[in-house]
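Please open the model in your viewer and keep the selection tool at hand. The stops below are given in the order in which they may be selected.

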Amino acid sequence: MIYSGDALMPSRVTVWYDSSCPLCIREIALMRRLDRRGAIRFIDVLDPQGVCPLDRAELLSRFHAEEEGRLFSGAKAFAAMWRAIPILRPLGLLAGWGPATPVFEAAYLGFLRIRPRLQRLIRQRTSSA
């Protein structure tokens, strides 16, 4: 744990991301800017030097994060990442709260269904710019 002002914060979270995904690149860039304490270690799943706790294909299929030795995927992984960033910590606590977790997971699964279309849209916008 790291003492940060008035509250103890998780000391280190590891996040695995897909560097070939334009949505992921934007999300990770934002998280890096918000993570002023350096509490998150970001690992590109496609980097052959990167350490992966699971098969790379499985890591690419869903968002994964490790917090305090526990590996999470989907909404729980986002909650772990958010808890490591002070400004997002309340959202991370809410997303990790038992009754709210299924709502966040349903939203994440909905996002996964439209993710390919969003990726194509972003790629089209950046290639035409």
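Begin by selecting Asp44 and Ser19, whose side chains are joined by a polar contact of 2.7 Å (a pair of N or O atoms within 3.5 Å; within protein, one must be able to donate a hydrogen and the other to accept it, and residues adjacent in sequence count only if both atoms are side-chain atoms). The model is predicted: local features need pLDDT of at least 70, side-chain atom pairs count only at pLDDT 80 or more, and totals for chains, interfaces and linings use all residues. Residues are numbered from 1 along each chain as its sequence is written, and side-chain values use heavy atoms, with hydrogens and water left out.

Asp44 belongs to strand β4, residues 40–44 (helices, H or I of at least four residues, and strands, E of at least two, are DSSP runs numbered from the N terminus). Display its surroundings next: leaving out residues up to four places away in sequence, Asp44 touches Tyr17, Asp18 and Ser19 (contact means heavy atoms within 4.5 Å). Which side chain of opposite charge is nearest to Asp44? It is Arg56, 7.1 Å away; Asp44 is buried yet has no salt bridge. Here buried means under 20% relative accessible area, exposed over 50%, and partly exposed in between, with a 1.4 Å probe and protein chains only. A salt bridge is a side-chain nitrogen of Lys or Arg within 4 Å of a carboxyl oxygen of Asp or Glu. For charge, Lys and Arg count as positive and Asp and Glu as negative, while His and the chain ends are not counted.

Three salt bridges are found by this rule. Move to Asp18 and add Arg115: their side chains form a salt bridge at 3.6 Å, N to O. This pair links distant parts of the chain, with Arg115 in helix α5 (residues 101–128) and Asp18 in the loop between β3 (13–17) and α1 (22–34), 97 residues apart. Arg115 counts as buried because its relative accessibility is 13%, and Asp18 counts as buried because its value is 10%.

Now select Arg62 and Glu105, which meet in a salt bridge of 2.8 Å, N to O. Arg62 lies in the loop between α2 (56–61) and β5 (64–67), and Glu105 lies in helix α5, 43 residues apart. At 22% relative accessibility, Arg62 counts as partly exposed.

Finish with Arg83 and Glu67, whose closest N and O atoms are 2.5 Å apart in a salt bridge. Arg83 is in helix α3 and Glu67 in strand β5, 16 residues apart. Both Arg83 and Glu67 are buried.
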